[in-house]
Amino acid sequence: MDLEFSPKEQEFRQEVRSWLEANVPATPLPSMDTEEGFRLHQEWEKKLFDARWAVVSWPQEYGGREAGLTEWLIFEEEYYRAGAPGRVSQNGIFLFAPTVFEFGSKEQQDRYLPKMASGEEIWVQGWSEPEAGSDLANVRSRADRDEERGGWVLNGQKIWSSRGTYGHRLFGLFRTDPESRRHHGLTYFMVDLASPGVTVRPIPQLDGEPGFAEVFLDDVFVPDADVLGGAGEGWKIMIATTGSERGLNLRSPGRFLAPANRLLDLYKERGGGDQVLRDAAVQAWMDAEAYRLFTFGTVTKLLDGGQIGADSSINKVFWSQMDVELHATALRLLGGYGELDEGSPDAVDGSRWLDGFLFALGGPIYAGTNEIQRNTIAERILGLPRAK
């Protein structure tokens with residue numbers, strides 16, 4: 001096993017690091033879940049795009065550098081190392097874009113990918129419904145055929161739509177065959193949230209910011225040009241998107257390596273020789289490094305023509321639990337100071353650890369709950385019988 005980077009990859013790393021050191025804002029941007037923060041994060045995405053750093057692995061015609069997977073992981077490591085702003089465009093560029101590349105027409109790719117990459121259009125997830133959370137096959141929102149206008153009329157409700165409060169377009173599943181059940185009769189739509197009949201209602205998070213939204217659709221017309229794949233093929237296409245969410249794209253190792261290294265620094269500063277906290281901090285760093293090596297192994301598998309498949313469920317359970325434990329350890333080190341929000345003069349590091357912990361709590365829930373992922377692992381990897 002060769003864990004060394006090639007001279008070309010090392011040169012790429014240095015180029016990324018130099019640009020980020022010169023351009024990352026000296027003062028952290030406001031939360032992207034506020035109106036001002038959302039706008040400023042869009043401006044940051046445009047700056048990345050103009051320098052061709054927004055989507056390094058994409059084709060050049062859509063603003064990328066055609067970098068390989070290893071170079072993309074290097075970029076991600078350097079991005080988080082530099083403390084760069086969160087990616088407000090992540091629903092689009094990390095989750096939805098791979099699906100558009102695989103299933104979208106050339107016209108759809110040309111129409112949507114450049115604006116997605118530049119941050120001009122922010123995409124919203126349209127999966128969960130009041131009766132369909134991790135069990136997406138229970139989708140009830142429907143789409144009825146409108147032959148006269150050449151499209152579909154959508155009705156229903158989506159909930160927990162991330163970036164929904166300020167986002168521009170939604171991707172999600174709707175039932176186009178009213179007689180169908182479960183995985184059948186579903187179609188994958190792209191919806192302009194400025195369309196007549198769309199109502200967006202913000203959902204405040206634990207911190208009071210509207211990071212999610214409910215989206216109501218009342219007789220919303222969507223043309224055939226905004227159907228991804230064919231009618232009735234939605235489940236197959238959705239699996240590709242959720243594979244990106246649980247697998248390689250959404251949570252690159254760089255996202256965990258940076259806080260794991262910060263955690264070791266925090267222990268040196270505040271640990272006071274506590275052996276239990278020392279072991280917890282070291283374990284968090286080891287887990288982050290193990291995840292990094294596992295991910296490079298996944299990249300090697302993909303480059304050799306393999307697929308991620310159900311392994312993405314193992315991946316998702318591991319990183320979501322790791323993220324919670326890492327931040328919980330930091331709060332234990334901080335004691336009472338870890339409970340102070342960013343408005344307090346005594347808050348440590350702008351309350352970064354508390355914010356990270358509150359966000360990490362959602363990890364075992366989003367992208368398919370860990371309970372559902374364990375069922376997938378049991379049945380599709382270990383070959384155990386379905387629970388009755």
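Salt bridges are a good place to start: this structure holds 29 of them. One joins the side chains of Asp33 and Arg163, with N and O 2.7 Å apart. Asp33 sits in the loop between helix H1 (7–23) and helix H2 (35–50), while Arg163 sits in the loop between strand S3 (151–158) and strand S4 (169–175), so this pair ties together parts that are 130 residues apart in sequence. Keep in mind as you explore that this is a predicted model.

**How confident is the prediction?**

- Across the chain, the mean pLDDT is 91, and 96% of the residues reach 70 or more.
- Confidence varies between the elements of the chain: helix H5 (residues 106–118) has the highest mean pLDDT, 98, and helix H6 (residues 234–246) has the lowest, 73.

**Salt bridges, buried and exposed**

- Let's return to the pair from the opening: Asp33 and Arg163 are both buried.
- Now look at Arg142 and Asp144, whose side chains also meet in a salt bridge, at 2.9 Å from N to O.
- Arg142 has a relative accessibility of 41% and therefore counts as partly exposed.
- Its partner Asp144 is partly exposed too, with a relative accessible area of 32%.
- A further salt bridge links Arg386 with Glu379, and here the closest N and O atoms are 3.3 Å apart.
- Arg386 counts as exposed because its relative accessibility is 63%, which is over the 50% cut-off.
- Glu379, on the other side of that bridge, is partly exposed, with a relative accessible area of 26%.

**A salt-bridge network and Glu78**

- Some charged residues join up in a network of salt bridges: Arg13, Arg17, Glu77, Glu78, Arg81, Glu289 and Arg292.
- Where in the chain would you find Glu78? Look in helix H3, which covers residues 69–81.
- Is Glu78 buried or exposed? With a relative accessible area of 2%, Glu78 is buried.
- Leaving aside residues up to four places away in sequence, Glu78 touches Arg13, Val16, Arg17 and Leu20.
- Two of these names, Arg13 and Arg17, may look familiar, as they also belong to the network.

**Nonpolar cores**

- The largest nonpolar core is made of 44 residues.
- Trp53, Trp58, Phe96, Met116 and Tyr188 are the residues with the most contacts inside that core.
- Apart from it lies another core, of 24 residues, and Tyr291, Leu326, Trp353 and Leu354 are among them.

**Strands S1, S4 and S5**

- Strand S1 (residues 123–126) is covered on both faces.
- Trp123 and Gln125 lie on one side of S1, Val124 and Gly126 lie on the other, and all of them are buried.
- S1 and S4 run parallel and are joined by 4 bridges.
- Two residues of S1 show how this pairing works: Trp123 has Arg169 of S4 as its bridge partner, and Gln125 has Phe171 of S4.
- How many residues of S4 are buried? The count is 7 of its 7 residues.
- Arg169, Phe171, Leu173 and Arg175 point one way from S4, whereas Leu170, Gly172 and Phe174 point the other way.
- S4 also pairs with strand S5 (residues 186–192), and these two run antiparallel with 7 bridges between them.
- In this second pairing, the bridge partner of Arg175 is Leu186 in S5.

**Asp311 and its contacts**

- Asp311 is found in helix H9 (residues 311–334).
- With 30% relative accessibility, Asp311 counts as partly exposed.
- Not counting residues up to four places away in sequence, Asp311 touches Lys301 and Ile381.
- Asp311 and Leu382 are 71 residues apart along the chain, and their C-alpha atoms are separated by 11 Å.

**What the UniProt record lists**

- In an unreviewed entry, UniProt lists residues 7–120 as "domain: Acyl-CoA dehydrogenase/oxidase N-terminal".
- Over residues 7–120, the model is 64% helix and 0% strand.
- The C-alpha atoms at the two ends of this stretch are 35 Å apart.

Terms used
Residues numbered from 1 in each chain as written. Predicted model: local features only at pLDDT ≥ 70, side-chain atom pairs only at ≥ 80, totals over all residues. Heavy atoms only, no water. Core = buried A, V, L, I, M, F, W, Y, C linked by side-chain atoms within 4.5 Å. Buried < 20%, exposed > 50% of the residue type's maximum accessible area, 1.4 Å probe, protein only. Contact = heavy atoms within 4.5 Å. Salt bridge = Lys/Arg side-chain N within 4 Å of Asp/Glu carboxyl O. pLDDT = per-residue confidence, 0-100. Pairing = 2+ DSSP bridges. UniProt positions renumbered as here; feature names shortened; annotations may be inferred.
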